Structure formats: structure tokens, C-alpha cells
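Colleague: I would like to go through the strands of this model with you, one sheet at a time. Could you help me read it?

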Amino acid sequence: MAADQRPKADTLALRQRLISSSCRLFFPEDPVKIVRAQGQYMYDEQGAEYIDCISNVAHVGHCHPLVVQAAHEQNQVLNTNSRYLHDNIVDYAQRLSETLPEQLCVFYFLNSGSEANDLALRLARHYTGHQDVVVLDHAYHGHLSSLIDISPYKFRNLDGQKEWVHVVCTAQLNNRLQPSSLSLCPVWEGRSFPLLATSPKWQSDPRVSHLLCHRHIRKAGGVFVADEIQVGFGRVGKHFWAFQLQGKDFVPDIVTMGKSIGNGHPVACVAATQPVARAFEATGVEYFNTFGGSPVSCAVGLAVLNVLEKEQLQDHATSVGSFLMQLLGQQKIKHPIVGDVRGVGLFIGVDLIKDEATRTPATEEAAYLVSRLKENYVLLSTDGPGRNILKFKPPMCFSLDNARQVVAKLDAILTDMEEKVRSCETLRLQP
């Protein structure tokens, strides 16, 4: 341990004294103190190496040298706001436009996914002239007040559902992940569900696909917003954007980006069609974001795109994700607690259930499992309405060997859990 590094116990004590308990830690009973990271690996204060299956923020890998270099070099020259002409912001917008349908051609740069979704709401409401919003059940779109109001994942534990928020139930919900054909991401994550601002003509909550939703929304005079904050930039493998899983004819009116866009640097973006952007401009109110679109942020964003292309990480997500799905599928056959395995690319969820008949979420078992995995140097988290979904969203450099190691450890722990259950049942049966 470095001479100037604070002991873990002291760090925890200071955090408990100075940081709100609302700002929760992973593994609160025994938090991990992470002091450095590289690629898909994180290291604690003792030098122990963990495989990171949590961080979709470090999209191309923790501390990627090309991203770090781009930020450092631009920081040495200039970092200012976007009111000055600079090549980086237009170069970056041009590069992003090349990944999107041609209709999505106007860009706004911000600092976080929450800021991006808040702006998307404003754009949609200016364009439609109405306040109503349709969201998918269990969705989460950010921590601002405007977004808590449209996030069932949050508002059900706070002030409840506003009258202008309409929640669409996804098909076959039942605490299971949804097929990617029905949603831009599985239900356990919340993020990346469509966010739809509509006219008052929208009256119902049908169980429909995105394509059918899109038709209804457009017919009602509304717009479709695709939240790509968790799943964009090639994570789904087959496509650069998750909304493209719906087919080439599916084009949202607004797309929001964050998290992976900057590989850990605070960058976010909103892409909109010309009609939506022009309606917002017609108000005469300037949109200005102090740090959004700064030369450093755009240099970082460009570097992330360069690494994705140079290292062919989208194809990598397809191949490694498919392999991981196969390995996890074998666990479903072997262990009854695994109720389902769903996902696409390197965005995968494992549904843990108590029994097949009721599909009761195995909440306690899921918490125990991620704790045991942490003890075996694998960082994984749970989510979903029942907190029973193991979610895999590692850095895109996660390898085939990483997949083998993680699933082998998962298998060993599940086997041990089953043996302990059988031992308890044997003891109960003894006279």
C-alpha cells in the first residue's frame, strides 16, 4: 500500500461522516476500495485484481491510453465553452452524424445523461405543444426532478405518478427481461427505454412493440425519444445504436446519449431532427451549457469513436456477447434458480427465480450471489423490480477468457448454494 494512501477503514469512516447515505456504495456490508483500473480490470488498495462486469461507463476500457492522451493533450492547449468557434465540436458532431440516420442531424452537447433527457423533454414539448409523456414500466431516465416524474423506477417510491405520465406495460413482464425486439434494453435496467412526448390524443396503455408505439405516437402528433445512454455506441453488437434493432425504417425523432460516450469523462449529447430543433429555436431562447461541447469533452468523444473503430469493439461485443450468452444458457439448464437469460451483445441479464411455477424473484439469493462473486474477484450487480436480475454490462474489451472465468465462478457458487440447501433439507428430514 502506498505510503500516502489512507487505510480502507479510515476512508469508510470519512465517507460515512461526510457523504450522504443516499449516495450508496456497492457491497455496503464490505465495500471495495478501488484505487486504479485498466481495461476491464479494477484494483483495490491491496493490489487485488477484479473483473469488472458493472461499468458500461468505461466503454472502451478503464483509462484507455488513447482516450487519456486525447484529454491530456487538449487540456494542455485549451478548454473553454462552446460559444467560441472550435474544430472539435463540429468534427465530433460530424462523426456522430455518420453513425445515425440522416434525419437526426442537429446536435446539442451536455455533461450527463440526465441533462440530455431533460433537454429531450423540452425539445419534445416545444415541438408538440403538449406535456403528456408515455414511458415503459420500470423505466429510469435520470435524477433531475423532471426525469424522476417520468421514471416509474423512482416515482413509485416518491410522489407517485403524475396525471400527464402514461406508463406502458411491456409484454411478458413478470420480473423477466424483455426481448430486444420489444424494447431498447431489458426491463431490469430501466435506462434506454423510449421516452415519448405525445399529444392528448394518446389515451391507452397497450402492450405494444416499439414499432407499433412509434406509429401510434406519430399518428397522435407526438415524437419518439430513444434513450441510448446505457446501450449505445455498439454495445448491442449487431448495431451501433440499440434503436436500430427495431429495423432500418425505425427512426426516432430524438436520441439521447451519455455514460459510454465519454468513457468516464462527463459528456452527453442529444441528436434531433431538423423539425424538432427548429421548433425549439423558434422560441428565441438560447440553449447554453457551460461545459457541454468543450474542446476537451469533444476530444474525448472523438477518441472513444476512434478506439471503437480501431479495435473493432462493436464486432467484439457481438462475438463475446454471444459466447457469454451460450455459457449462461448452460447455467440455466444446470441450475433451476436461473429462470431466464436474455440480452444482446454485451448487455445481458440473468433472471434468478425461486421456482418455475410462480417465478418469484430470488432477491436474497441474488444479493448473496453477487457478494460471493465479489469475494471471488468478480464485480457484478443486480437490478429489476425484484432486484433479482444479474446484469452484465462490462467494458467492451471484456474477453472470451473473462467470460469463461466469470461463468465458472458463477457455476461454482450456484452449485455450493444448492448443496447447502440440500444439506438443510436432509437435516430437517432426520428424526
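Colleague: In what order do the four strands that include β1 form an open sheet, and what is the pairing?

Modeller: The order is β1-β2-β3-β13 and the pairing is mixed; two strands pair if DSSP finds at least two bridges between them, and strands (E, at least two residues) and helices (H or I, at least four) are DSSP runs, numbered from the N terminus. This is a predicted model, in which local features need pLDDT of at least 70 and side-chain atom pairs count only at pLDDT 80 or more, while totals for chains, interfaces and linings use all residues. Residues are numbered from 1 along each chain as its sequence is written, and side-chain values use heavy atoms, with hydrogens and water left out.

Colleague: Which are the edge strands there?

Modeller: They are β1 (34-38) and β13 (378-379), each of which pairs on one side only.

Colleague: And over how many bridges do β1 and β2 pair?

Modeller: Strand β2 (residues 41-44) pairs with β1 over four bridges in the antiparallel sense, and Q38 has Y41 in β2 as its bridge partner.

Colleague: Now the sheet with β11, what is its order?

Modeller: That open sheet of four strands runs β11-β12-β15-β14 with antiparallel pairing, and its edge strands, β11 (338-344) and β14 (381-383), each pair on one side only.

Colleague: What stands opposite V341?

Modeller: V350 in β12 does, and β12 (residues 347-352) pairs with β11 over six antiparallel bridges.

Colleague: Which helix lies across β11, β12 and β15?

Modeller: Helix α10 (residues 313-334) does, in contact (heavy atoms within 4.5 Å), and runs at about 170° to β11; axes are lines fitted to C-alpha atoms, for helices over the stretch in contact, and angles run from 0 to 180 degrees between N-to-C directions.
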